[in-house]
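The report below follows one strand and its neighbours, and then turns to the side-chain contacts that join separate parts of the chain.

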Amino acid sequence: MKEITVWMIVQSNNSKYIDNFNTINQQVQLRYFPAIQSTEHYQIYSDFAVHKNYFCSSYMQQFEGKETRLGDNLSHMLLFNEILEKSTSDWNLVLDGSVTLQVDRFLKDYEDILRIADEHNCMFIQLHMHTKFFNMNKTHQYLDQKLYNLSIQTDNKAFFIHKKGIAQFIDKYPLRRNVNEQLGEMIPSLKSLYWKNDFFHVM
């Protein structure tokens, strides 16, 4: 089977997410990544984000009153570092702790999806999308009944990303928009796709 590394960003204080991690981990090897809890220590993480050149200082005001969103963004950015440093696979599956997965069906199909992605130099595949956004995103089919060109980046709950895509993303630091918006901005350069499936669900 094509090698992938599967990661889950988990809020350590949320028992439902921990249980979900454990359930999926019994079926496929998951790597646990602790989510940044920015609510209680917002100023510390805000200063950290600027000091590490993750975000422009002028953008940080966008997180005021939305402190949890800073933690969500930093969690993904720090995980990207971890992937580049420690992952042994080019393709990495990133899941939020709130995402459930039908593992058997996923394992049956993912290799074909990644094969097509590799053939077309794709570096990002969106895996979860609300129906209303799919109807907006449905531009034209991409060689396969399940794969579509991505035109709208709706969330970052579940996605495949290639290490080359992560390197491109990091090259954009410091960001002037949040992670989800930056991924949306990079749809053309990442040649992003959407895999229409019913394997991934949000609690």
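In this predicted model, strand β1 (residues 5–10) and strand β3 (residues 91–96) run parallel to each other and are paired over 5 bridges, with methionine 8 standing opposite leucine 95 of β3. On strand β2 (residues 30–34), which likewise pairs with β1 in the parallel sense over 5 bridges, the bridge partner of methionine 8 is tyrosine 32. The connection from β1 to β2 passes through helix α1 (residues 15–25), and this β-α-β crossover is right-handed.

The surroundings of β1 can be described face by face. In a regular strand the side chains alternate between the two faces of the sheet. On one side of β1 lie Thr5, Trp7 and Ile9, on the other Val6, Met8 and Val10, and all of these residues are buried, which leaves both faces covered. Because 6 of the 6 residues of β1 are buried, the strand is largely enclosed by the rest of the structure.

Aromatic contacts form the next layer of the description, with a count of 16 aromatic pairs. One of them joins tryptophan 91 and phenylalanine 160 in an edge-to-face arrangement, at 6.0 Å centre to centre and with 80° between the planes. This pair links distant parts of the chain, since tryptophan 91 belongs to strand β3 and phenylalanine 160 to strand β8 (residues 158–162), 69 residues apart; both residues are buried. For phenylalanine 106 and phenylalanine 200, the ring centres are 5.7 Å apart and the planes stand at 80°, so this pair is edge-to-face. Phenylalanine 106 is in helix α4 (residues 103–119) and phenylalanine 200 in strand β10 (residues 200–202), so the contact ties together parts that are 94 residues apart in sequence. Phenylalanine 106 has a relative accessible area of 1% and is therefore buried, and phenylalanine 200, with 3%, is buried as well. Elsewhere, ring pairs link Phe48, Tyr54, Phe80, Phe124, Phe159, Phe169 and Tyr173 into a cluster.

Among charged side chains, the count comes to 6 salt bridges, including the three listed here.

| Salt bridge | Closest N to O distance |
|---|---|
| Lysine 2 – aspartate 118 | 3.2 Å |
| Aspartate 96 – lysine 157 | 3.9 Å |
| Glutamate 119 – arginine 115 | 3.2 Å |

Where do the partners of the salt bridge between aspartate 96 and lysine 157 lie in the chain? Aspartate 96 is in strand β3 and lysine 157 in the loop between β7 (147–149) and β8, 61 residues apart, so that distant parts of the chain are linked. Aspartate 96 counts as buried because its relative accessibility is 14%, under the 20% cut-off, whereas lysine 157, at 28%, is partly exposed.

Helix α4 takes part in the other two listed salt bridges. The salt bridge between lysine 2 and aspartate 118 joins the segment before β1 to helix α4, and it therefore ties together parts that are 116 residues apart in sequence. Lysine 2 is partly exposed, with a relative accessible area of 31%, and aspartate 118 is partly exposed at 33%. By contrast, glutamate 119 and arginine 115 both lie within helix α4, 4 residues apart, about one turn of the helix. Arginine 115, with 41% relative accessibility, counts as partly exposed.

How values were computed
Residues numbered from 1 in each chain as written. Predicted model: local features only at pLDDT ≥ 70, side-chain atom pairs only at ≥ 80, totals over all residues. Heavy atoms only, no water. Buried < 20%, exposed > 50% of the residue type's maximum accessible area, 1.4 Å probe, protein only. Helix = DSSP H or I, 4+ residues; strand = E, 2+ residues; numbered from the N terminus. Pairing = 2+ DSSP bridges. Right-handed = clockwise from strand over helix to strand, strands pointing away. Phe/Tyr/Trp six-rings, centres within 6.5 Å; stacked < 30°, edge-to-face > 60°. Salt bridge = Lys/Arg side-chain N within 4 Å of Asp/Glu carboxyl O.
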